[in-house]
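Q: Could you take me through one part of this structure slowly? I'd like a close look at a sheet and what lies on it.
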Amino acid sequence: MYESIRIPKPLDQYKAVFFDVGDTLVTIPESRIIMQQVLAARSLHRGEERVGELFTEAFRLFYYGKQLDPFEACTPESDRAFWMQLYRYILDKLGAGEEQWTEDQIHACCHELYDVFTGPEHYQLFSDVAACLPQFRERGLRLGIISNFAPTLSSILEHKGILHYFDPVIVSTEVGLEKPDPAIFRLALERSGLSAEEVLYVGDHDRNDIWAPNQAGIDAVKIKRYDYHSGVGIHSLRELLEEDKGAGN
């Protein structure tokens with residue numbers, strides 16, 4: 001639906017590289033196990049494989065299929081409500097209601113899952129991130145963040161030891177704008193003092209991270225961290241640092 005290209009032009013023709021965060025820089029590799037443990041603590045016992053299948057299904061349905069038109073203001077409350085809807089879908093598919101869970105119990109569990117998955121403890125950097133970020137800086141590139149995330153994002157980046165690399169850090173729940181609204185990218189340009197043609201954006205979502213920055217005049221490249229990520233893109237930040245990776249390659 002949305003076309004992405006690998007690297008629009010050589011890296012040295014940009015002044016900055018801005019990034020998405022979730023599934024671009026960080027991931028929770030044990031998410032299915034964590035969710036399984038949370039549910040088991042509440043006496044809902046389901047297999048890891050089934051939990052994982054529903055996690056993937058829910059992300060495809062709610063996150064990758066999410067549509068914002070017209071664009072709505074983003075708040076900490078709206079972010080929590082969105083993810084609670086996703087977790088509620090998983091719990092329903094796992095048969096929480098059939099286990100005689102009350103609405104209050106389901107609601108409380110969804111809140112707990114949101115808090116668990118927006119805290120810093122379970123996140124890990126993708127293997128290329130720690131090595132590549134300083135290399136971008138060594139090339140004279142400014143680095144920034146534009147992310148749809150809970151207000152805890154900065155604490156997660158700090159916990160992982162990479163917050164100091166980024167300026168600006170634009171978080172949807174803090175600025176009231178949410179990708180794919182191109183306005184969040186324009187805000188990042190305004191705060192950074194850069195023009196659109198000076199910035200390359202990297203993210204994993206076709207609409208949020210390719211289409212939306214393009215509407216603000218920003219070149220974008222898709223990063224495909226998982227097997228189910230389709231389309232044209234890179235698989236590692238190292239590809240951006242390789243020489244002779246000009247447009248169309």
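Which strands does helix H8 lie across?

A: A quick heads-up: this is a predicted model, where local features need pLDDT of at least 70, side-chain atom pairs count only at pLDDT 80 or more, and totals for chains, interfaces and linings use all residues. Residues are numbered from 1 along each chain as its sequence is written, and side-chain values use heavy atoms, with hydrogens and water left out.

Now to your helix. H8 (residues 183-192) lies across S1, S4, S5 and strand S6 (199-203). Helices (H or I, at least four residues) and strands (E, at least two) are DSSP runs, numbered from the N terminus. H8 runs at about 150° to S5; axes are lines fitted to C-alpha atoms, for helices over the stretch in contact, and angles run from 0 to 180 degrees between N-to-C directions.

What about the sheet underneath? It's an open one with five strands, in the order S5-S4-S1-S6-S7, and the pairing is parallel. Two strands pair if DSSP finds at least two bridges between them. At the edges sit S5 (166-171) and S7 (219-222), each pairing on one side only. On average, neighbouring strands here are turned by 20° against each other, direction ignored.

Zoom in on S1 (residues 16-19): four bridges join this strand to S4 (residues 142-147), and the two run parallel. Val-17 stands opposite Leu-143 in S4. Another helix, H9 (residues 206-215), packs on the sheet too, touching S6 and S7, where contact means heavy atoms within 4.5 Å. The direction of H9 makes about 165° with that of S7.
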